[in-house]
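I sat down with this one to look up its hollows, its charged pairs and its nonpolar packing. My entries follow in the order I made them.

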Amino acid sequence: MRERALDAFRGRRTVDPGELPIAESTLAVLSALPLEWLIVSSGFRVEHTSAAARTLGITKAGRLIDPAIRAEVTRAVRSREVCESELGNETGQGAVPRQLRLRVCPLGPQRAVVLIEDVTHPLRVDAMRRDFIVNVSHELKTPVGALLLLAEAVKSSLDEPQNLGRFVDRMQTEAERLSRLINDLTDLSRLQASDPTSKREAVPAQRLFAEALDSVRLIAARNDVDLVAADVGALTVEGDEDQLVTALRNLLLNAITYSPGDTRVTLSASVSHDHVDLMVSDQGIGFDMRYHDRIFGMFQRLHRQDQIPGTGIGLALVQKAVERMGGQIRAQSAPGQGARFEMDLPRA
């Protein structure tokens, strides 16, 4: 009987008069599980499947095609025991590597049920969290270490007034860098914890521009970047003023960070029917549009930490804030040709 079952799964179909249709009650129980599932019969034919299981790329034309899962099914049929395993799968949509947790239960000599848990997302979240902790630790260590060294330098230069001013300026720079990091983390926590229905009010665009520019003016001057704001008159947008200012500030900081000296960052706006576009344009290093979606990902960066400092959460904060106010964020860029970020928001 065991060899007969194995022959069936290898494709040599043998009719078993005891092979009965799956009961509707069994399918109902499987559909209620928080897992994806397949019922596989001889020749690795898929008799029944959950809807989402079809998107995993493990079936084709009504047959189970993933070799690793087929091996697990064969092992369960051979042993007549429940088999558990975890395996990587790269045959999904867009060839996205997946990590699947399997539980294969034999249902008689020529049939098995495969329970599948896609654990890719939590694993990726854990990896991003680890990367984030590494990045934040590095970002914290740099200004804190600099402040300690500068404090020692100030202490040893009390009798040299000509050096004190230079050391104090450096200490202020590092303290500001530390403050920006803390503000980003605070904004991230606030956006993730607050009610999705943000405060909505009519906010003058000119006031938003003024507040955002004032918050980055010293940093721009230090980087020899010129800030220019267009006159938008009485134009108003609808949204949460604090979150709008934070979003604009992050876009400006991003533009300043990736711009060489003696260049310009421009803040402007345009109106289209019932929407307003707030735009930040720079003349910086730009990026390849293939990475458009990636730059808005949490903890994602296109440049190495030792090239350009940062945690990779600024643009993610912008996207989260804009979407919460019913808008969307998009970008246009090319390597070496600067970038333009547009916040598309409801017009008040």
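**Entry 1: the cavity**

I began with the lining of the largest cavity, where helix 5, helix 7 and helix 8 (314-324) each supply at least two residues. Helices here are DSSP runs of H or I with at least four residues, strands are runs of E with at least two, and both are numbered from the N terminus. I note that this is a predicted model, in which local features need pLDDT of at least 70 and side-chain atom pairs count only at pLDDT 80 or more, while totals for chains, interfaces and linings use all residues. Residues are numbered from 1 along each chain as its sequence is written, and side-chain values use heavy atoms, with hydrogens and water left out.

Which helix gives the largest share of that lining? Helix 7 does, with four residues. I wrote down the whole lining: Asp187, Leu191, Gln243, Thr246, Ala247, Asn250, Leu317, Val318 and Ala321. By type, that is five nonpolar, three polar and one charged. (Nonpolar covers Ala, Val, Leu, Ile, Met, Phe, Trp, Tyr, Cys and Pro; charged covers Asp, Glu, Lys and Arg; the others, Gly among them, are polar.)

The structure holds one cavity of 30 Å³ or more, and the largest cavity has about 30 Å³ of space. For the terms, I used a 1 Å grid over the protein atoms alone: a cavity is a set of points where a 1.4 Å probe fits but cannot get out, a pocket is an open set with protein on both sides within 12 Å along at least five of seven lines, and lining residues have an atom within 4 Å of a point. Points are joined across faces, edges and corners, and a volume is the space filled by probe spheres set on the points.

**Entry 2: the second largest pocket**

I put its volume at about 200 Å³. It has 13 lining residues, and Glu176, Arg180, Ser215, Ile219 and Arg249 are the closest to its centre. Helix 5 (161-193), helix 6 (205-222) and helix 7 (241-257) are the elements that give two or more residues to this lining. Helix 6 gives the most, six residues. The lining of this pocket splits into four nonpolar, three polar and six charged.

**Entry 3: salt bridges**

How many salt bridges does the structure hold? I get 13, each being a side-chain nitrogen of Lys or Arg within 4 Å of a carboxyl oxygen of Asp or Glu. Side chains of opposite charge can pair when their charged atoms come close.

Arginine 75 bridges to glutamate 72, with the closest N and O atoms 2.7 Å apart. These two are three residues apart in helix 3 (residues 67-79), so about one helical turn separates them. Buried or exposed? Glutamate 72 is buried at 13% relative accessibility, whereas arginine 75 is partly exposed at 37%. (Buried means under 20% relative accessible area, exposed over 50%, and partly exposed in between, with a 1.4 Å probe and protein chains only.)

Next I looked at glutamate 238 and arginine 200, whose side chains meet in a salt bridge at 3.5 Å, N to O. The pair links distant parts of the chain, 38 residues apart: glutamate 238 sits in strand 10 (residues 236-239) and arginine 200 in the loop between helix 5 and strand 8 (201-204). Glutamate 238 is partly exposed at 28%, and arginine 200 is partly exposed at 40%.

Arginine 207 and glutamate 241 also form a salt bridge, at 2.9 Å, N to O. Arginine 207 is in helix 6 and glutamate 241 in helix 7, so the pair ties together parts that are 34 residues apart in sequence. Arginine 207 is partly exposed at 39%; glutamate 241 is buried at 13%.

I also found a network of salt bridges linking Asp277, Arg330, Arg340, Glu342 and Asp344.

**Entry 4: the cores**

The largest nonpolar core has 45 residues, and Leu248, Leu278, Phe341 and Met343 touch the most other members. Helix 7 gives the most to this core, nine residues. A core here is a set of buried Ala, Val, Leu, Ile, Met, Phe, Trp, Tyr and Cys residues joined through side-chain atoms within 4.5 Å.

I followed leucine 278 outwards: leaving aside neighbours within four places in sequence, its contacts (heavy atoms within 4.5 Å) include Leu208, Phe209, Val237, Leu248, Phe341 and Met343. Apart from the largest core lies another, of 20 residues, among them Val46, Cys83, Leu87 and Leu102.

**Entry 5: the whole chain**

I closed with the totals: the chain has eight helices and 14 strands, and 43% of its 348 residues count as buried.
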